[in-house]
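Got the viewer open? Here is a short tour, one selection at a time.

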Amino acid sequence: MTAEKQSQLHREEDTTKPCKTCKWQTPDPTDPLRGQCTVNRSAIGGVWKRWIRDMVHMTCSRHEEGKLSFRDHV
Ligand code: SF4
């Protein structure tokens, strides 16, 4: 087990890795600029979601590019 710390989701105006392009994000169906981060859902079985208030200007160190093919049925 690693005791790696979560890097907090934070605002970064000119980020090259916005949540918008991250495979862990799930867009809000009513507002595409917002969404939820599901990065921890597959980690240790814990459900851990966070609201992303600005998909384009927020990021964190967990950013991974990829298709939104990840699905985890609750
Ligand atoms: S892992 Fe980080 S960059 Fe990706 S959606 Fe979650 S908060 Fe955003």
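A residue counts as buried here if 20 or more other C-beta atoms lie within 10 Å of its own, with C-beta atoms placed from the backbone. Bear in mind that you're looking at a predicted model. By that cut-off, 16% of the 74 residues of the protein chain are buried.

Start with the whole chain and switch to cartoon. You'll find five strands and zero helices, so to speak a plain β-β-β-β-β when read from the N terminus. Now turn on a contact map if you have one: of the contacts between residues at least 6 apart in sequence, 57% link residues at least 24 apart.

Next, select the ligand and show what surrounds it. Which residues are there? Going along the chain, pick Leu9, Cys19, Cys22, Trp24, Gln25, Cys37, Val39, Ile52, Thr59, Cys60, Arg62 and His63. Colour that shell by class and you get eight nonpolar residues, three polar and one charged.

Last stop: select Val56, in the loop that runs between β4 (50-52) and β5 (58-59). Is Val56 buried, exposed or partly exposed? It has 14 other C-beta atoms within 10 Å, so Val56 is partly exposed; buried would take 20 or more, and exposed 12 or fewer.

Keep Val56 selected and add its contacts. Beyond the neighbours within four places in sequence, Val56 touches Pro18, Lys20 and Leu33. Try the distance tool on one of them: from Val56 to Lys20, C-alpha to C-alpha, is 5.6 Å, although the two sit 36 residues apart in sequence.

Terms used. Residues numbered from 1 in each chain as written. Predicted model: local features only at pLDDT ≥ 70, side-chain atom pairs only at ≥ 80, totals over all residues. Helix = DSSP H or I, 4+ residues; strand = E, 2+ residues; numbered from the N terminus. Contact = placed C-beta atoms within 7 Å. Near = placed C-beta within 6 Å. Nonpolar A, V, L, I, M, F, W, Y, C, P; charged D, E, K, R; others polar.
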